[in-house]
Every structure is written in structure tokens, then in C-alpha cells.
Amino acid sequence: MLLVNNVGSTVVHAARSGKPIFFFWPDTLTARPELHAQLVAEAGIVVRTPEELWDQIRRFFTQPRMASELRAKARAFSSRYLDSSAYPTLSQKVGSIFFGNTFAQSDHERATARI
């Protein structure tokens, strides 16, 4: 995944799926790379010049180990910062609001029967 002057939801999806990520931030006026690098550098590689970007892309295609290392980096970032397994699902949260309890299967059946 190549992200140019961008840090957004794409990072979340790419990291969760273990895609190699290249952050290319040549625009230091609007992209604020120093701030973004602190937030997401663990997910991939941060480069700031076209020369540096092409060098990393060449390495990616010529050194198989680099691709696997970048995938591992993305997965580790996802595990560390994007794991939401401890949070309730949307249906559980809605059920707790409307039914005042955990959203059990019977609650789901009652709710959908009314629709």
C-alpha cells in the first residue's frame, strides 16, 4: 500500500490485513510528517523523497525478506493498536441500550421479529 501525504482509515484496513505499507510524505508544509510518523511509523516505512521511495520499492521487489518483514510490521501494529476484540459488538451495544442487558440471542430474535 502506498500512501502519499495521507494517514487515514486506509492504514487501519491495510494493517489489519497485513499489507506492506509505504508512507510517502514529501509535503512537509501540509502533511506534517513528523506528527504522522510518530503515530504510524510502526506500521510500515516512512519516506520523504522520491529517490528514497523508489529505493525502498526496488528493495521490496528484489528482496523477498523485506516484503515479509513489512507484512509482519503491519500485523504487529494492528495487534498492538487496532485490536477491538475487548469491545462489544454493535448489536451488543444496541441491545444493552434498548433492552438494558447484554444483547442475548433471544433479544435479537425479539428485536428482529418486530421489524
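Student: How many aromatic pairs does a search of the whole structure find?
Tutor: Four aromatic pairs turn up. Keep in mind that this is a predicted model.

Student: Okay, take Phe23 and Trp25. Why is that pair called stacked?
Tutor: Their ring centres are 5.3 Å apart and the planes sit at 25°. Stacked needs planes under 30 degrees apart, so the pair is stacked.

Student: And is Phe23 buried or exposed?
Tutor: Phe23 is buried, with a relative accessible area of 0%. Trp25 counts as buried too, at 0% relative accessibility.

Student: What about Phe77 and Tyr81, how do those rings sit?
Tutor: That aromatic pair is tilted, with 5.1 Å centre to centre and 50° between the planes.

Student: Where are Phe77 and Tyr81 in the fold?
Tutor: Both are in helix α4, residues 64-81. They are four residues apart, which is about one turn of the helix.

Student: Buried or exposed, those two? Start with Phe77.
Tutor: Phe77 has 6% relative accessibility, and buried means under 20%, so Phe77 counts as buried. Tyr81 is at 40% relative accessibility and counts as partly exposed.

Student: Which residues are in the ring cluster?
Tutor: Phe22, Phe60 and Phe61, linked by ring pairs.

Student: Switching topic: which residues make up the largest nonpolar core?
Tutor: It has eleven residues, including Phe23, Trp25 and Phe77 from the ring pairs we just talked about. Leu3, Val11, Ala14, Ala15, Ile21, Val40, Ala43 and Leu82 are in that core as well.

Student: Which helix gives the most to this core?
Tutor: Helix α1, residues 9-16, with three residues.

Student: Let's zoom in on Val11. What does Val11 touch?
Tutor: Leaving out residues up to four places away in sequence, Val11 touches Leu3, Ile21, Phe23, Val40 and Phe77.

Student: What lies apart from that core?
Tutor: Another core, of ten residues. Among them are Ile45, Leu53, Phe60 and Leu70. You've met Phe60 already, in the ring cluster with Phe22 and Phe61.

Student: Now the outside. Which residues make the nonpolar surface patch?
Tutor: Leu90, Val94, Ile97 and Phe98 make a nonpolar surface patch of about 470 Å².

Student: Where is Val94 found?
Tutor: In helix α5, which covers residues 90-99.

Student: And why does Val94 count as partly exposed?
Tutor: Val94 has a relative accessible area of 33%. Buried means under 20% and exposed means over 50%, so Val94 falls in between as partly exposed.

Conventions:
Residues numbered from 1 in each chain as written. Predicted model: local features only at pLDDT ≥ 70, side-chain atom pairs only at ≥ 80, totals over all residues. Heavy atoms only, no water. Patch = residues over 30% accessible without salt bridge, like charges linked within 9 Å, V, L, I, M, F, W, Y side chains within 5 Å. Areas by Shrake-Rupley, 256 points an atom, 1.4 Å probe, with all protein chains shown as cover. Salt bridge = Lys/Arg side-chain N within 4 Å of Asp/Glu carboxyl O. Helix = DSSP H or I, 4+ residues; strand = E, 2+ residues; numbered from the N terminus. Buried < 20%, exposed > 50% of the residue type's maximum accessible area, 1.4 Å probe, protein only. Core = buried A, V, L, I, M, F, W, Y, C linked by side-chain atoms within 4.5 Å. Contact = heavy atoms within 4.5 Å. Phe/Tyr/Trp six-rings, centres within 6.5 Å; stacked < 30°, edge-to-face > 60°.
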